[in-house]
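Trainee: Before we start, I would like to learn how to read a model of this kind, beginning with the salt bridges and moving on to the sheets and the confidence values. Could you take me through them step by step?

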Amino acid sequence: MPKIPDCLARAPGPLRAACAAALFLSAAACAWAAPAPPVYVHMNGANEFLENVVAVRPGQPVVFVDQDTGAHTIVGYAPATGAGSKRFDGAVAGTPGPGHPVHTYTVRFRHPGLKYYYCSVHAELAKEPGGVTLPKKRPTVGGYGTPMAGLIIVTTDPHLLADNPASSSHRILPGFFGG
């Protein structure tokens, strides 16, 4: 905590306590305002987002890292309507192999909320009974039997933020490469 200036150290107790609290809160606000490090979401040859549910603070960068030879897209959508997002719509080139640069796509969200996304190369949106729209695996693509989709929770809730998977710009799995 910052040191109380000498002139305030001699002030009456309530004023001194108020100044100390103000200094403490201003230091805490400065620490909280420090930019949060990026949260990484990796894509691999199994056609999935490895960290498919992440929580971020408003404004915190989410970096999609393509560690696959094939290209992927990151397309935001609204499950209630199936409408795509014009702002949350990116493409990431594949990586030819080990030793080549790994391509990324970065997005930030200013307001709290749920941001759903999918890879339109490997999944397609389908209306479910009850009216909700969800990504379904394209029948013509390989990979696991689940659609390539995920969710970003934009929040200030410390419990949700603490539950994030460990985040790193590099994630190399057996059988895949990190560039």
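Mentor: Let us begin with Glu128, which counts as partly exposed at 22% relative accessibility, and keep in mind throughout that this is a predicted model.

Trainee: Which residue forms a salt bridge with Glu128, and how far apart are the closest N and O atoms?

Mentor: The general idea is to look for a side-chain nitrogen of Lys or Arg within 4 Å of a carboxyl oxygen of Asp or Glu. Here the partner of Glu128 is Lys136, with the closest N and O atoms 2.9 Å apart, and Lys136 is itself partly exposed, at 32% relative accessibility.

Trainee: How many salt bridges does a search of the whole structure find?

Mentor: The search finds two. Besides the pair just described, the side chains of Glu124 and Arg138 meet at 3.0 Å, N to O. Because Glu124 lies in strand E8 (residues 123-127) and Arg138 in the loop between strand E9 (133-137) and strand E10 (149-154), this pair ties together parts that are 14 residues apart in sequence. Glu124 is partly exposed, with a relative accessible area of 32%, and Arg138 is partly exposed as well, at 26%.

Trainee: What is the strand order in the open sheet of five strands?

Mentor: To read a sheet, follow the pairing from one edge to the other. In this one the order is E2-E10-E7-E4-E5, and the pairing is mixed; strand E2 (53-56) and strand E5 (84-92) are the edges, each pairing on one side only. Neighbouring strands are turned by 25 degrees against each other on average, direction ignored. At one end of that order, strand E4 (residues 72-77) runs antiparallel to E5 and is joined to it by five bridges, with Tyr77 standing opposite Gly84 in E5.

Trainee: And in the open sheet of three strands, which are the edge strands?

Mentor: They are strand E1 (39-43) and strand E6 (103-107), in a sheet ordered E1-E3-E6, again with mixed pairing. Strand E3 (residues 62-66) pairs with E6 in the antiparallel sense over five bridges, and Val62 has Val107 as its bridge partner in E6.

Trainee: Where does the pLDDT stay under 50?

Mentor: Where pLDDT is low, the predicted coordinates should not be read in detail. One such stretch is residues 1-9, for which the model has 13 contacts beyond four places in sequence; residues 22-31 are also below 50, with six contacts beyond near neighbours in sequence. Among the elements, helix H1 (residues 6-9) has the lowest mean pLDDT, 46, and strand E7 (residues 113-118) the highest, 97.

How values were computed. Residues numbered from 1 in each chain as written. Predicted model: local features only at pLDDT ≥ 70, side-chain atom pairs only at ≥ 80, totals over all residues. Heavy atoms only, no water. Pairing = 2+ DSSP bridges. Helix = DSSP H or I, 4+ residues; strand = E, 2+ residues; numbered from the N terminus. Axes fitted to C-alpha atoms, helices over the stretch in contact; angles between N-to-C directions. pLDDT = per-residue confidence, 0-100. Contact = heavy atoms within 4.5 Å. Buried < 20%, exposed > 50% of the residue type's maximum accessible area, 1.4 Å probe, protein only.
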